[in-house]
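Please open the model in your viewer and keep the selection tool at hand. The stops below are meant to be taken in order.

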Amino acid sequence: MNVRQKTIKKETSVSGVGLHTGANVTLTFCPAPENHGFKFQRVDLDGHPMIDADADNVTDTSRGTTLTQNGASVSTVEHVMASLVGMDLDNVLIQLDGPETPIMDGSSIQFIDLLEEVGSIEQNADREYFTIPHNITYTEADRKVEIVAMPLDDYRFTCMIDYNSPVLGSQHAGINTIAEFKKEIASCRTFCFLHELEYQLSHNLIKGGDLNNAIVIVDKEVTKDELSHLAKLFNRADIDVAPQGILNNMELRYQNEPARHKLLDMIGDLALVGMHLKGHIMAARPGHAANVAFAKKIKAAIKKEKNKKIQKVYDPSAKPLYDVVQIMDILPHRQPFLFVDKILELSKNHVVGVKNVTMNEEFFKGHFPGAPVFPGVIQIEAMAQVGGILVLSTVPDPRNYLTYFLKIDNVRFRAQVLPGDTIVFRCDLLEPIRRGIAQMKGVGMVGEKIVVEAEMMAQITKIKQAEPAQ
């Protein structure tokens, strides 16, 4: 049974301070349409630029995960992203009036509570999963980082951390399914070692830091004077070292809370793949840089799978998502140069369209009239028009945009297409649309047989409005 996409029922907001910037920020979760995915929006900046939650947009992983796009950035996104995955959502717009998400208590639980309070609704479009097809591995020998994704018809995590710390020791955490996230992982807070805290304080790197939003592990001998100094910095009467080897500002929620938080971070970072995953993720000593690098490996595997020749066979007589009248509301083409009759499927990453080839086509009058064959160049044009539906679906007013070819590569015509045939075209994005540039892989099939394939690059351009008459 197909799983439907989900968004939230209504807007909901929370305010807090950014851990590293110290900026007061309000974060608003907003419902989003089908195939929107997760996007951030900086409403405090001119033009309210959007930032796709995509691993390819990561620009910094030194003290959290930072995304940058369209001249804007948002940092420390991992706890928010983990909450969206943990709540089994697909389409949400996250608006921010500052450069960093609020740290809250250092976990995802307050975001989870907020999302749970407003509730979710199913949408009409089916959810797209990527099932790990074979073991995908990532290693960093110098840091002893090892991550592997293995095939599984669920989303399972196992995480181990080991910092050579006698206080922290080696810790393990795991969940058997993402449905366990809220109960087992969401409330686990970020942590740091005392020597890191002192360094960050001395270099003004945690302007929003507070002993209420991080577990501080005491990994060195500490004097009463040092503890008094820390108490003064954080406006506390006194600070001491608890028996567990942490500052006594808080109690651990779980004995292995640091390992569980690393698992939380990983779920948030892997959400930047941009698709729901099915697989078992096992990680040893993960961190943001490794998580993002691994997310990019999974994205490369998705791209490779899309390029395989094994194609789904579609029923061209199935009820269309868009009929030809609705298609003409999106595409500017008209008869005799409209070569799409139906759209069967449309997601944020792919589109499936149908072209019925008949002897009534204008070009058959002069193209091999004694032995009519559907011209290859028009097959490519039809494929491009199907791809144009996908590209134009990313803007709110497609009538005001056009798509133009920039490049066509690796074209293959594998069989003749004759009058009476029905070609089903599928176009998949090879990477996210950037600056209006879309790169797609297109395949055309007649029945179970591939007849044409190509890689296309197109640009979406806004139509210039005519100057009003003077």
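The tour goes from a pair of helices to a recorded site and ends at a strand.

Before selecting anything, note that this is a predicted model, in which local features need pLDDT of at least 70 and side-chain atom pairs count only at pLDDT 80 or more, while totals for chains, interfaces and linings use all residues. Residues are numbered from 1 along each chain as its sequence is written, and side-chain values use heavy atoms, with hydrogens and water left out.

Select residues 78–86, which form helix H1, together with residues 109–118, which form helix H2; helices here are DSSP runs of H or I with at least four residues, strands are runs of E with at least two, and both are numbered from the N terminus. The two helices pack at an angle of about 40 degrees, with their axes 9 Å apart, where axes are lines fitted to C-alpha atoms over the stretch in contact and angles run from 0 to 180 degrees between N-to-C directions. H1 and H2 are therefore oblique to each other, the term for what is left once angles under 35 degrees are called roughly parallel, over 145 roughly antiparallel and 65 to 115 roughly perpendicular.

Now show the side chains between them: His79, Val80, Ser83 and Leu84 of H1 meet Phe111, Ile112 and Leu115 of H2, contact being heavy atoms within 4.5 Å.

Next, keep His79 and add His261 and Asp265, the three residues that UniProt lists, in an unreviewed entry, under "binding site"; such annotations may be inferred rather than shown by experiment, and the positions are given in the numbering used here. They span 187 residues in sequence, yet no two of their C-alpha atoms are more than 9.5 Å apart, so they gather at one spot.

Centre on His79, which has its place in helix H1 and is buried at a relative accessible area of 5% (buried is under 20%, exposed over 50% and partly exposed in between, with a 1.4 Å probe and protein chains only). Among the residues that His79 touches, not counting those up to four places away in sequence, are Phe111, Thr190, His261 and Asp265.

Move to His261 in helix H6, residues 257–270, which is also buried, with a relative accessible area of 1%. Beyond four places in sequence, His261 touches His79, Gly106, Cys188, Arg189 and Thr190.

Finally, select Asp126 in strand S10, residues 120–126; at 32% relative accessibility, Asp126 counts as partly exposed. Add Ser347, which is 221 residues from Asp126 in sequence and 8.4 Å from it in space, C-alpha to C-alpha.
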